[in-house]
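User: Could you take me through one part of this protein in detail? I would enjoy a close look at how its charged side chains pair up, and at what surrounds them.

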Amino acid sequence: MEKPFSQEMLQRLLAGVAFVSRAVYFPSAASTNDALKRMAAEGAPEGTLIVADEQTAGRGRLDRRWIALPGSSLLLSILFRPTAGAKHLPDSLCRGEKSPQANASPLHLTMVCSLAARDAIREVLGLEIALKWPNDLVHEGRKLGGILTEIAGDSEPVQHAVVGIGINANWDPSAAEFDQPATSLSNLAGRSIPRGELLRGIVAAVAERYAALRAGASPAKEWEAALETVGQSVTVQSPTGILEGVATGVDADGALLVRSADGQVHRVVAGDVRVRSPRR
Ligand code: BT5
């Protein structure tokens, strides 16, 4: 195992990233998302971050497990308060209008964080990865990371959201029995991954992309271009059932557009996607 993170190291790594209001290190946490959700409920400000070296109950969506070899992954959660700062606007200006903040749906935050991770992996390691709708970081069909976006309550615009990012850095998960093949950054790079440098790169990229989102720019088009899912024949398992078709793109809200054999285009907002045939 490589050198663990520490509180001092976090402080040093994240110094100068204006978005970060507080960064807290846990050698071990049940789940960084759960720990940050508790801090959020107690009033922690936007830009609070938790980083852990180990999770004893790391989670994916739908309470699936997120597995990580201690000390060899990036495990972090970031707190967003997309509506903070909009309070001073008089009701007359907000009523019926979509304020820029209202664009920060959970899926928009997933887009921001997954694109930021992709950018930092490119910049720090020179590796080109892809994204898979809605929340996976992948390389040639192998999953190397995932994003878990959770909001307080289920109302939009989002009051606060905790986004968890898990990335396989310096371990080999390829023999693990997950529901899709797995890989890691060290497998792809063939060398050890500087986790601290990557962490800083990801948080700095999140800060930049989140500022653009709050200014009203949707990341949906860029996200669509990064999704390996688009252009593929897919089977989508969603809360409303199973759908087969061709993924043709995403809309401005990030919903996946799937054209079924009868020509109808379906809008999918949540679910799991399996690619049935490689891109032609
Ligand atoms: C995800 O869920 O991919 C979101 C993962 C988010 C993890 C971070 S770590 C920091 C923060 N704190 C938490 O507690 N969670 C977040 P989902 O799309 O539901 O995928 C879960 C599935 O991925 C599992 O059912 C496994 O099949 C597979 N899986 C689990 N661990 C994996 C790993 N290390 N690498 C690749 N696949 C994995």
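Analyst: Happy to. This is a predicted model, and a look at the whole chain sets the scene. For 280 residues, a compact globule would have a radius of gyration near 19 Å, and the protein chain comes out at 18 Å, which agrees. Along the principal axes, the C-alpha trace spans about 60 × 55 × 30 Å. The chain holds seven helices and 12 strands, and 53% of its 280 residues count as buried. About 13000 Å² of the protein chain is exposed, with carbon and sulfur atoms supplying 52% of that area. Among contacts with a separation of 6 or more, 67% are between residues 24 or more positions apart.

Now to the charged pairs. Side chains of opposite charge can pair when their charged atoms come close. Here the count comes to 19 salt bridges.

Let us start with helix α4, which covers residues 106-125. At 1.5 Å a residue, its 20 residues should span 28 Å, and the end C-alpha atoms are indeed 28 Å apart. The helix is mostly covered, with 17 of its 20 residues buried. Just after α4 comes G126, which takes a positive phi of about 70°.

One of the residues in α4 is R118, and its side chain meets that of E222 in a salt bridge, at 3.7 Å from N to O. This pair links distant parts of the chain: R118 sits in α4 and E222 in helix α7 (residues 220-226), 104 residues apart. R118 counts as buried because its relative accessibility is 10%, under the 20% limit. E222, at 38%, counts as partly exposed.

E222 has another partner as well. Its side chain also forms a salt bridge with R209, at 2.7 Å from N to O. That pair joins helix α6, which holds R209, to α7, which holds E222, across 13 residues of sequence. With 17% relative accessibility, R209 counts as buried. So E222 of α7 pairs with R118 of α4 and with R209 of α6.

Helix α6 deserves a further look, and V206 is a good place to pause, as this residue lies in that helix. V206 is buried, with a relative accessible area of 0%. Setting aside neighbours within four places in sequence, V206 is in contact with I78, F80, V112, C113 and A116. The C-alpha atoms of V206 and L109 are separated by 9.3 Å, although the two residues are 97 apart along the chain.

At residue 195, where α6 begins, there is another charged pair. R195 and D53 meet through their side chains in a salt bridge of 2.9 Å, N to O. D53 belongs to strand β2 (residues 48-55) and R195 to α6 (residues 195-214), so the pair links distant parts of the chain, 142 residues apart. Both partners are buried: D53 has a relative accessible area of 4%, and R195 has 2%.

Finally, salt bridges can also be followed beyond single pairs. D34, K37, R59, D63 and E150 are linked in a network of them.

Notes
Residues are numbered from 1 along each chain as its sequence is written. This is a predicted model: local features need pLDDT of at least 70, side-chain atom pairs count only at pLDDT 80 or more; totals for chains, interfaces and linings use all residues. Side-chain values use heavy atoms; hydrogens and water are left out. A salt bridge is a side-chain nitrogen of Lys or Arg within 4 Å of a carboxyl oxygen of Asp or Glu. Helices (H or I, at least four residues) and strands (E, at least two) are DSSP runs, numbered from the N terminus. Buried means under 20% relative accessible area, exposed over 50%, partly exposed in between (1.4 Å probe, protein chains only). The expected span of a helix is 1.5 Å times one less than its number of residues. Contact means heavy atoms within 4.5 Å. The radius of gyration is taken over C-alpha atoms; the globule rule is 2.2 Å times the number of residues to the power 0.38. Accessible areas come from the Shrake-Rupley method with a 1.4 Å probe; for residues, only the protein chains shown count as cover.
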